[in-house]
Amino acid sequence: MKISSIMKKIILLIGILVSLTALHVVMAQTGVINYEQKINMHRNIPAEREGMKAMIPEFRTTKQQLFFNPSESLYKTVVEDEEEQFSTGGGGGMRMSFRMPNTEIYMQGSDKIISKQEFMGKNYLIEDSVQMSPWKFGDQVKTIAGYECRMAYYTRTDTVRSMMVGGPNANQQARQPEVRTTEITAWYTDKIRPFLGPERYNTLPGAILAIDMNNGERVIVAKSVELRELKKNELKEPSNGTKVTQTEFRKVMEEQMKQMGGRGMTTRN
């Protein structure tokens with residue numbers, strides 16, 4: 001009995017040492033995760049504007065990268081073309097174009113986050129604290145970019161405020177705020193350090209390799225993971241912008257939207 005008890009303690013100690021070693025290896029990682037984002041641009045077109053579907057492609061795909069070391073991360077858009085253009089069809093030869101904004105999200109530790117946002121030709125630096133999302137955990141498992149990932153999910157509530165206007169000089173009337181919900185599903189791996197993920201989806205005990213919003217409305221998926229030493233300037237805190245709070249930045253957008261004729265403003269609850 002004594003030998004059996006000693007053996008159990010030895011096995012337990014070995015298990016603890018192996019776990020601590022694995023955790024140390026994970027926390028010491030550096031590298032880059034390459035993502036692809038796919039947005040369904042037809043999903044939210046209202047029925048009365050069904051004709052718009054002929055003017056824009058159903059899906060738009062962009063690429064992003066997440067650089068990380070043991071204490072920092074930087075998520076940024078890969079700008080391949082200055083503008084993406086496409087024909088609206090028909091005989092008029094009308095063309096529409098999209099330009100990818102200069103967006104970066106920098107995170108230090110698990111509490112400080114800085115967003116660099118481009119809006120109307122100006123760059124803004126928005127410092128904020130990390131908001132923990134109310135994740136729930138499922139038991140499903142899938143493989144993404146070679147890593148076994150587990151599922152987590154939650155529902156986010158957004159408030160959309162907009163103005164009813166006929167143009168820049170028309171009388172403005174405030175609409176009642178509209179509440180929208182977004183079902184968010186994440187897939188994360190504990191083989192890459194925690195508090196990593198695309199955009200602000202970075203509060204799980206591992207790296208988030210996929211995000212699905214409203215069952216395919218917007219999907220971000222890791223295409224590859226490169227565990228390597230980072231090159232100079234691949235990961236650095238954003239600079240070259242006007243420092244503002246989240247509230248101040250929201251006011252800037254609201255004022256500009258009013259001048260342009262009143263578009264929807266979305267805020268998270």
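# Briefing on buried cores, aromatic pairs and local backbone features

At 10% relative accessibility, I105 counts as buried, because the cut-off for that class is under 20%. The model is predicted. The points below cover I105, the nonpolar cores, the aromatic pairs, the surroundings of N40 and E217, and two residues with positive phi.

**I105 and its surroundings**

- I105 belongs to strand β6, an element that runs over residues 104-108 and is one of those supplying at least two residues of the largest nonpolar core.
- Leaving aside neighbours within four places in sequence, I105 is in contact with S73, L74 and Y75, with I113, I114 and S115, and with E199 and R200.
- Between the C-alpha atoms of I105 and E237 the separation is 8.9 Å, although their positions lie 132 residues apart along the chain as a sequence offset.

**Nonpolar cores**

- The largest nonpolar core has 33 residues, and the members that touch the most other members are I33, Y35, W135, I192, I208, L209 and I211.
- At least two residues of this core come from each of β1, β2 (59-68), β6 (104-108), β10 (147-161), β13 (178-189), β14 (207-213) and β15 (218-227).
- Strand β14 gives the most to this core, with 6 residues.
- Apart from this core lies another, of 7 residues, with Y124, I126, F249 and M257 among them.

**I33 in the largest core**

- I33 is found in strand β1, and with a relative accessible area of 0% it is buried.
- Not counting residues up to four places away in sequence, I33 touches Q64, Q65, L66, F68, A207, L209, A222, S224 and V225.
- One of these contacts, F68, is 35 residues from I33 in sequence, and the C-alpha to C-alpha distance of the two is 8.4 Å.
- L209, another contact of I33, is also listed with I33 among the core residues that touch the most other members.

**Aromatic pairs**

- The structure holds 5 aromatic pairs.
- F119 and F249 form an edge-to-face pair, at 6.3 Å centre to centre and with 80 degrees between the planes.
- This pair links distant parts of the chain, with F119 in strand β7 (residues 112-119) and F249 in helix α2 (residues 246-260), 130 residues apart.
- Both F119 and F249 are buried.
- The ring centres of W135 and Y154 are 4.8 Å apart and their planes stand at 85 degrees, so this pair is edge-to-face.
- W135 lies in the loop between β8 (122-129) and β9 (136-144), whereas Y154 lies in strand β10, so the pair ties together parts that are 19 residues apart in sequence.
- W135 and Y154 are both buried.
- F119, Y124 and F249 form one aromatic cluster, and Y124 and F249 are also among the members of the 7-residue core.

**N40 and E217**

- N40 is placed in strand β1 (residues 31-40) and is buried, with a relative accessible area of 13%.
- The side chain of N40 reaches the backbone nitrogen of R43 at 3.1 Å.
- Not counting residues up to four places away in sequence, N40 touches E58, F59, G216 and E217.
- E217 is found in the loop between β14 and β15.
- E217 is buried yet has no salt bridge, and R43, the nearest side chain of opposite charge, is 4.1 Å away; the distance lies outside the salt-bridge limit because that limit is within 4 Å.
- A polar contact at 3.3 Å joins the side chain of E217 to the side chain of N214.
- Leaving aside neighbours within four places in sequence, E217 is in contact with K38, I39, N40, R43 and N44.

**Positive phi outside glycine**

- Most residues other than glycine have a negative phi.
- F195 has a phi near 55 degrees, a positive value in a residue other than glycine.
- F195 lies in the loop between β13 and β14 and counts as partly exposed, at 24% relative accessibility.
- N240 has a phi near 60 degrees, likewise a positive value in a residue other than glycine.
- N240 lies in the loop between β15 and β16 (242-244) and is exposed, with a relative accessible area of 65%.

Technical notes. Residues numbered from 1 in each chain as written. Predicted model: local features only at pLDDT ≥ 70, side-chain atom pairs only at ≥ 80, totals over all residues. Heavy atoms only, no water. Helix = DSSP H or I, 4+ residues; strand = E, 2+ residues; numbered from the N terminus. Buried < 20%, exposed > 50% of the residue type's maximum accessible area, 1.4 Å probe, protein only. Polar contact = N/O pair within 3.5 Å; in protein donor to acceptor, adjacent residues only side chain to side chain. Contact = heavy atoms within 4.5 Å. Core = buried A, V, L, I, M, F, W, Y, C linked by side-chain atoms within 4.5 Å. Lys, Arg positive; Asp, Glu negative; His and termini not counted. Phe/Tyr/Trp six-rings, centres within 6.5 Å; stacked < 30°, edge-to-face > 60°.
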